[in-house]
Every structure is written in C-alpha cells, then in structure tokens.
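Visitor: I am new to this structure and should be grateful for a close look at a single part of it. Please take one helix as the centre of the account and then place it in its surroundings.

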Amino acid sequence: MRIRPAVICFVLAFAAGVLLLALPGTAAAKTPCWQQVLNDWSNGRTIGVYPLHCYRDAIRNLPEDLRDYSSAADDIQAALQAQIAKRTGRQLQSNGGGNSTSARKGGKNAESLSGGPPRSAYRQAIDHLGTSNADSLPIPLLVLASLGGFLLVLAAAMTTTKRIRALRARRGPPAT
C-alpha cells in the first residue's frame, strides 16, 4: 500500500505543531520592579512590598492614559507613603529593642497575607499560567490563534490532496 504525499504532509505538520507546543518557551528576563508594582495595581491586588525606588519608577513609567483617567498614580503614591511610614516605624521599633518580624514575611506584609478570602482553584490555575502580567497575551487569543493555524494547515493539505488527485486523473491509471 502506497502512502499518499498529502497524508505525509498532514502528519508532518501535525507532528511539528505538537513539537512546538511541547518545547519550553525562551527564558524571559526578570520583570522590573516598577512593572510588578503596575501589575499589582492593574490586577486589583493590594500593592506589595517593594523597594521605594520601585514605586517612584512606577509613577514615572505610568502610561499616559492611566495617569490621566485612573487613580493609579494616587494609589501607588499612597502605597509609597505607607512603606515610608512603615520603614520609619520599624527603625524606631528596632532602636527601642522591639522585635520587628513583619519585615521578614517573604516580601509580603502581614496584612496582605491574612486579608481577603482564599483564592479559588480556577484563580490559582490562571495565576500559574502567567497571564496575570499586564504585558502577557490572553489565553483565549492563544487558543484561537492555534486553532486558526491548524485550520489553515488542514485547508492547505486538502487543497494539495485535491490537486494531486486531479493530476493523477489526467494521467490515467498507472501502467502495470
């Protein structure tokens, strides 16, 4: 039994697609801290604990539309002021012999660790996919693009098969 070229093309295209999906993506550079501050604000989360320059850089790099039409600059400025107040309070507390453990909670303050309801399994899965970043592509867009690419490859394979059959029909049956 002879394998048709269209079937081979289809199998190769399918295998290439599976291989591309299975390969890991390229490693991206670490997100700058000012971008993380903007991501926290844009996702509606409380702005985390960052070095003070991150808040200032976030305000400096704030897109014009967010600066003009939202409270992003005010919210980030308030978080900056809160961090300044906490840092001066910690310094006074540590000078007085008090124990300051709120600074050592893995980059999060105690309020953000205990506040709010627990996240659902769906929210955790979305967060693990990496789409919580303001710069990332939405998952539905990636799914639709993959489906469109598959349909284009399928259409090309069907057209190729149709042309090959037409060429064979013109030549006539193979001589035996």
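Guide: The account below begins with the whole chain, turns to helix α3, and then moves outward to the neighbouring segments and the surface.

The model is a predicted one. The protein has 8 helices and 0 strands, so that its pattern along the sequence reads α-α-α-α-α-α-α-α. Of its 176 residues, 16% count as buried.

Helix α3 covers residues 52–60, and its buried residues are C54, Y55, D57 and A58. Viewed down the axis of α3, these buried residues fall within an arc of 165 degrees, and therefore they line one face of the helix.

One member of that buried set, D57, takes part in a salt bridge with R60, their side chains meeting at 2.7 Å, N to O. The structure holds 1 salt bridge. Both R60 and D57 belong to helix α3, where they stand 3 residues apart, about one turn of the helix. In an α-helix there are 3.6 residues a turn, and therefore residues three or four places apart point the same way. The two partners may also be described by their accessibility. D57 has a relative accessible area of 18% and is buried, because the cut-off for that term is under 20%. R60, at 60% relative accessibility, counts as exposed, because that term applies over 50%.

The segment that leads into α3 deserves attention next. Helix α2 spans residues 33–42, and a loop containing T46 lies between α2 and α3. In α2, 7 of the 10 residues are buried, so this helix is largely enclosed by the rest of the structure. The buried residues of α2 are C33, Q35, V37, L38, N39, D40 and W41. Just after α2 comes G44, which takes a positive phi of about 80 degrees. Within the loop, T46 counts as exposed, at 60% relative accessibility.

Two C-alpha distances relate this stretch to residues further along the chain. T46 and D75 are 29 residues apart along the chain, and their C-alpha atoms are separated by 9.6 Å. I47 and A78 are 31 residues apart along the chain, with 9.8 Å between their C-alpha atoms. A78 has its place in helix α5, which comprises residues 72–95. With a relative accessible area of 46%, A78 is partly exposed.

Two patches complete the surroundings. The residues V7, F10, V11, F14, V18, L144, L147, F150 and L151 form a nonpolar patch on the surface, with about 820 Å² of accessible area together. Helices α1 and α8, the latter at residues 139–171, each supply at least two residues of this patch. The greatest contribution is that of α1, which gives 5 residues. From helix α8 comes L147, a partly exposed residue with a relative accessible area of 45%.

The other patch is one of positive charge, in which R4, R165, R168 and R171 gather on the surface. Among them, R4 lies in the segment before α1, a helix of residues 5–22. R4 counts as partly exposed, at 44% relative accessibility.

To return to the part requested, helix α3 has a face lined by its buried residues, and a salt bridge joins the side chains of R60 and D57.

Key. Residues numbered from 1 in each chain as written. Predicted model: local features only at pLDDT ≥ 70, side-chain atom pairs only at ≥ 80, totals over all residues. Heavy atoms only, no water. Buried < 20%, exposed > 50% of the residue type's maximum accessible area, 1.4 Å probe, protein only. Helix = DSSP H or I, 4+ residues; strand = E, 2+ residues; numbered from the N terminus. Arc of directions from axis to C-beta. Patch = residues over 30% accessible without salt bridge, like charges linked within 9 Å, V, L, I, M, F, W, Y side chains within 5 Å. Areas by Shrake-Rupley, 256 points an atom, 1.4 Å probe, with all protein chains shown as cover. Salt bridge = Lys/Arg side-chain N within 4 Å of Asp/Glu carboxyl O. Lys, Arg positive; Asp, Glu negative; His and termini not counted. Charge placed at Lys NZ, Arg CZ, Asp CG, Glu CD.
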